[in-house]
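Please look over the sequence and the model below before reading on. The explanation moves from the chain as a whole to one of its helices.

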Amino acid sequence: MDVTLHLAQDPAADALLGRSPLAALTGMLLDQQIPMEWAFKGPRTIADRLGTEDLDAHEIAAMDPEAFAALLSEKPAVHRYPGSMAKRVQQLCQYLVEHYDGDAEAVWRDAGSGPELLRRLQELPGFGKQKAQIFLALLGKRLGVAPEGWREAAGAYGEPGSFRSVADITGPESLAKVRAHKQEMKAAAKAAKAARKK
């Protein structure tokens, strides 16, 4: 895996995401309740603070939880909720060690179909259906991981030419389109909620 991603809008952070399966999974895990660029910059920040070039599932899984939480809490914090997200990142790494010998890429390397890959992603701690579908679309659209039926398994996120999620970002222009789409979705959800209250 060695591609150029543009999710963090930061060359060093994006380079790590493009070459490290664990960094990509960790960025996706962190992508909630904070700006996307902040989330996907997280893996690089964690690696820097660990003094390493890449993330290692065995190392993170074995760390003292309080020490790892403190690492994510250092200013600037890796996430708005560094303590709870530190716990989630460790749970993800522990799961990968237990089920895939710490090899994040093994989650998708030999997946025989889109539905099977979606199931494997949904089994990861912190990955609900939507997050799993977005990551599946990212794998298919940006990382060349395209088992049969991946677009269908990714749902709307798998549609070609859409601007729905991180899977569709190739630079600042597409980032702006994805952000606009997300704002439209939020506004529509808010309007629907207000209509139900009437």
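The paragraphs that follow take up the fold, the overall dimensions, the surface and charges, and finally one helix.

The model is predicted, and its secondary structure is made up of eleven helices with zero strands, so that, by the DSSP-run definition of these elements, the order along the sequence reads α-α-α-α-α-α-α-α-α-α-α.

As to overall dimensions, the C-alpha trace spans about 50 × 40 × 35 Å along the principal axes of the chain. The radius of gyration is 17 Å, which agrees with the value near 16 Å that a compact globule would have with 198 residues. Of these 198 residues, 47% count as buried, where buried means under 20% relative accessible area. Among the contacts in the chain with a separation of 6 or more, 55% are accounted for by residues 24 or more positions apart.

Turning to the surface, the accessible area of the chain comes to about 9700 Å², and 52% of this area belongs to carbon and sulfur atoms. The chain carries 26 positive and 26 negative charges, and the mean positions of these two sets lie 12 Å apart.

Helix α1, which covers residues 11–19, offers a local view of burial, and its buried residues are A13, D14, L16, L17 and G18. An α-helix has 3.6 residues a turn, so residues three or four places apart point the same way. The cover over the buried residues of α1 includes α2, at residues 21–30, and α3, at residues 36–50.

How values were computed: Residues numbered from 1 in each chain as written. Predicted model: local features only at pLDDT ≥ 70, side-chain atom pairs only at ≥ 80, totals over all residues. Heavy atoms only, no water. Buried < 20%, exposed > 50% of the residue type's maximum accessible area, 1.4 Å probe, protein only. Helix = DSSP H or I, 4+ residues; strand = E, 2+ residues; numbered from the N terminus. Contact = heavy atoms within 4.5 Å. Rg over C-alpha atoms; globule rule 2.2 N^0.38 Å. Areas by Shrake-Rupley, 256 points an atom, 1.4 Å probe, with all protein chains shown as cover. Lys, Arg positive; Asp, Glu negative; His and termini not counted. Charge placed at Lys NZ, Arg CZ, Asp CG, Glu CD.
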